[in-house]
Every structure is written in C-alpha cells, then in structure tokens.
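Visitor: I'd like a close look at one spot in this model, please. Pick a residue with plenty going on around it, and follow the connections outward from there.

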Amino acid sequence: MHGEYKVPGGKLVVVDFAVENGLLRNVRVSGDFFLEPDEALALIDAALEGAPADTDTAGLTGRIDAALPESAVLFGLSSESVAVAVRRALAQATDWRDFDWQLIHEPPQSPALHMALDEVITAQVAAGHRPPTLRVWEWDSPAVIIGSFQSLRNEVDLEGAARHGVTVVRRISGGGAMFAEPQSTITYSLAVPESLVSGLSFADSYAYLDDWVLIALGDMGIKAWYQPLNDIATEVGKVAGAAQKRVVAPGGGPGAVLHHVTMSYDIDADKMLDVLRIGKEKLSDKGTRSAKKRVDPLRRQTGLPRATVIDRMISSFRGRYGLAEGAVTDEEMARARDLVRTKFENDEWTARIP
C-alpha cells in the first residue's frame with residue numbers, strides 16, 4: 001500500500017507497506033523532510049512494523065514517539081504526520097494530482113444563488129457527475145452569511161442589515177457569520193471527493209484543504225498559516241475563515257466535501273459592526289479587544305488589486321494541480337435556482353434558528 005501526506009506548512013511524508021494477516025509489514029517511510037539522527041528513520045519503520053492495521057492515528061503516533069530518542073529532531077514532519085500517511089494509505093486516499101480539476105469563475109451572482117450553487121455542485125461531485133471543482137465567487141450585493149447552526153437574531157442586527165442594504169443568507173455548513181461586500185471580499189469553494197481527505201481528522205482536513213492558498217499567499221509576500229479550527233492568520237491579523245459540509249453520495253457510498261473560504265481583501269469595519277452582533281466572549285476567545293483588530297485585509301498586506309490577488313491564487317492552484325476552465329451547467333443552474341426559491345430565499349430556512 002502507498003500513502004502520501006503533505007504536512008500543511010511542512011514537507012511530504014510517504015509510506016509504503018504491505019498488510020499481512022491484519023498487520024503492517026515491510027514498512028518504509030520516506031519524503032523530503034529533515035530528520036536527525038539518520039538512524040531515526042529506521043526506528044520509525046521498526047515502530048510501525050507489525051502494528052495492527054486497524055490502529056488509529058493516535059495509536060500509531062504513540063508507537064513512533066516511544067521508539068524515537070529524546071534527542072531526535074524532526075523538521076517538516078512529526079510522528080503524527082507519519083501516522084496520518086499510514087491511515088491515508090489504508091483508507092486508499094487520493095491525492096490532489098489524481099484528479100482533473102475544473103475552475104468555475106463566473107460573473108457576479110446573488111448571495112442566495114451562491115449558497116444554492118455550493119449545495120448543487122458538491123452534490124454533483126458526490127454523485128460522480130462533476131470533477132473536483134474550485135469555484136471563485138463574485139458577489140452582486142453585500143451579504144451576511146450565517147452558519148447552518150447559528151441563531152439569526154443573536155448574530156445579525158436586522159435593522160442594521162436593512163439600513164446598509166445587506167442581504168442575510170444561511171449556508172449549509174457550520175461555523176460563524178461572515179460579512180461580505182463585492183469588492184472587499186474574496187470567496188472560493190472547493191467541492192472535492194471525500195477520498196481526498198480520507199485518513200484525516202475533521203480538523204486536519206481544514207489545514208490540508210487550506211494549504212494551497214497559504215502557498216499562494218506566500219508567493220505574494222504574505223506569511224500565513226492555518227489557525228485551528230478554521231482561520232487563516234498572519235502576524236498582523238486574521239485574513240480568512242473557512243467552513244465545511246460533508247455530503248453523502250447517492251446510495252450512501254463515499255461522498256464529497258464542501259470547503260469554502262471567505263477572505264478579507266478590504267473591510268468597512270464600522271459597517272460590519274453595525275450589521276453583525278459580535279459578542280465580547282467571541283472577541284475574548286480570539287485574544288483581541290476590538291473586532292476591527294481581528295481582521296487585517298489582503299489589500300493592505302499585498303498592495304495588489306483584488307483581481308490580481310484572485311488571478312495569482314488561481315495561477316498558483318493551476319501550477320500545482322492543473323485546472324481546466326469550466327462553467328456551471330444549465331442543469332446545475334436550474335437546480336440551484338429552484339433551491340433559491342424553495343430554500344435559500346425562504347424565511348423557513350434563513351430563520352430556522354430564530
């Protein structure tokens with residue numbers, strides 16, 4: 001069996017082994033990481049040799065930790081990352097380069113239509129009717145997007161939203177409320193087969209699916225990192241928040257994962273605070289005193305136009321994994337417009353938790 005795991009912000013870890021009578025055999029770990037002393041690699045192989053194939057990530061990590069001397073130095077990997085590579089091999093996980101990726105980047109659309117397209121496109125990927133897709137959003141109006149499980153009245157000042165012409169919609173994924181304005185926000189969705197994140201914990205899947213954009217930001221001079229559970233941060237503040245939804249395939253087989261990210265290119269903090277109800281406890285949890293200080297926009301950090309930032313992100317993805325131009329099909333759009341009418345513009349959905 002063969003498994004690979006690109007450590008977010010680190011190096012590639014590769015494992016090869018056989019499974020005989022339910023045990024790992026002939027284990028070989030390799031990669032472009034750094035490890036001292038040299039003998040530590042053999043110790044890792046030996047620690048995994050004979051491990052039951054149903055050992056979870058924590059158990060495999062413990063075996064490796066117990067085998068390594070205290071003086072061992074691991075750079076670009078960890079014991080857990082090796083364990084994750086093993087679990088991904090056993091789960092027959094796929095890699096980014098195993099797919100023919102498609103890009104959707106279309107003219108501005110309404111907030112409700114964006115919510116519906118996320119649902120429809122991810123369902124199409126789950127059903128095997130569409131390749132893994134990167135969709136870059138363009139907004140036709142300002143919006144507040146609340147998480148699937150949030151209380152509408154606790155999160156949004158509806159009078160403030162109406163005063164500023166802000167549409168309020170509820171998405172299908174969990175997480176917190178996001179404030180978006182057409183020229184101040186960069187939003188994208190990844191709709192991927194579940195196999196791409198097989199063997200990863202829910203938390204690890206966030207870091208794994210965000211890794212490409214961290215590299216793209218790095219190429220623009222921004223040192224960014226994944227901040228658990230769902231933020232992308234820099235030394236001077238948060239720049240993005242992510243959310244996910246798992247979609248089951250028809251018949252109950254392996255499905256798909258929707259991973260979408262809203263990035264702050266610019267921000268009208270006063271307007272945001274007039275629309276969102278940001279409680280003191282949330283600010284305290286983030287370690288800041290002011291909501292204005294929680295977000296540090298990409299415009300200030302890059303000095304680049306919004307369109308250029310988006311183009312560079314897309315180019316970075318294409319250079320790493322390949323990316324063909326695509327579009328929403330007529331059938332997908334028809335389904336999405338029906339969902340807008342029956343769900344995403346319906347108060348029964350938007351205010352399902354008042």
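Guide: A word on names: helices here are DSSP runs of H or I with at least four residues, strands are runs of E with at least two, and both are numbered from the N terminus. Keep in mind too that this is a predicted model.

Let's start at R130, in the loop between α4 and β7. You might wonder whether a loop arginine is buried or exposed. With a relative accessible area of 7%, R130 counts as buried, because the cut-off for that is under 20%. Its side chain has polar partners: there's a polar contact of 3.0 Å with the side chain of T133, and another of 2.8 Å with the side chain of E332. Leaving out residues up to four places away in sequence, R130 touches Q102, I104, I121, Q124, V125, A327, V328, T329 and E332. So that you can place some of those, α4 covers residues 111-126 and α12 covers residues 330-344.

Now step onto the two elements that flank this loop. D118 and R135 form a salt bridge, with their closest N and O atoms 3.1 Å apart. D118 sits in α4 and R135 in β7, so this pair ties together parts that are 17 residues apart in sequence. The two ends of the bridge are both tucked away: D118 is buried at a relative accessible area of 4%, and R135 is buried at 3%.

Helix α4 has another charged partner to show you. E119 pairs with K343 in a salt bridge whose closest N and O atoms are 2.9 Å apart. K343 belongs to α12 and E119 to α4, so here the parts being tied together are 224 residues apart in sequence. K343 is buried, with a relative accessible area of 18%, while E119, at 22%, counts as partly exposed. As a rule, side chains of opposite charge can pair when their charged atoms come close. The structure holds 13 salt bridges in total.

One of the others is worth a detour: R299 and D266 meet through their side chains at 2.8 Å, N to O. R299 is in α10 and D266 is in the loop between β15 and α8, so the pair links parts that are 33 residues apart in sequence. R299 is partly exposed, at a relative accessible area of 47%, and D266 is partly exposed as well, at 24%.

Strand β7 and helix α10 both turn up again around α11, which is a good next stop. This helix covers residues 306-321, 16 residues that should span 22 Å at 1.5 Å a residue; its end C-alpha atoms are 23 Å apart, which agrees. The buried residues of α11 are R306, V309, I310, M313, I314, S316, F317 and Y321. Looking down the axis of α11, you'd find these buried residues within an arc of 155°, so they line one face of the helix. The general idea is that an α-helix has 3.6 residues a turn, so residues three or four places apart point the same way. What covers that buried set includes β6, β7, β11, α7, β15 and α10. Just after α11 comes G322, with a positive phi of about 80°.

For a strand with a two-sided pattern of its own, try β12, residues 224-227. A224 and Y226 point to one face and are buried, whereas W225 and Q227 point to the other face and are not. β12 pairs with β13 (residues 231-234) in the antiparallel sense over four bridges, and A224 stands opposite T234. A hairpin of three residues joins these strands.

Two last spots. E155 is in the helix α5 (residues 152-155) and counts as buried at 16% relative accessibility. Its side chain makes a polar contact of 3.2 Å with that of Q150. S71, on the other hand, lies in the loop between α2 and β5 and counts as exposed at 56%. Its C-alpha atom is 8.2 Å from that of E36, with their places 35 residues apart along the chain.

To come back to where we began: R130 is a buried loop residue, and its side chain has polar contacts with those of T133 and E332.

Technical notes. Residues are numbered from 1 along each chain as its sequence is written. This is a predicted model: local features need pLDDT of at least 70, side-chain atom pairs count only at pLDDT 80 or more; totals for chains, interfaces and linings use all residues. Side-chain values use heavy atoms; hydrogens and water are left out. Buried means under 20% relative accessible area, exposed over 50%, partly exposed in between (1.4 Å probe, protein chains only). Two strands pair if DSSP finds at least two bridges between them. The expected span of a helix is 1.5 Å times one less than its number of residues. The arc is that of the directions from the helix axis to the C-beta atoms. Contact means heavy atoms within 4.5 Å. A salt bridge is a side-chain nitrogen of Lys or Arg within 4 Å of a carboxyl oxygen of Asp or Glu. A polar contact is a pair of N or O atoms within 3.5 Å; within protein, one must be able to donate a hydrogen and the other to accept it, and residues adjacent in sequence count only if both atoms are side-chain atoms.
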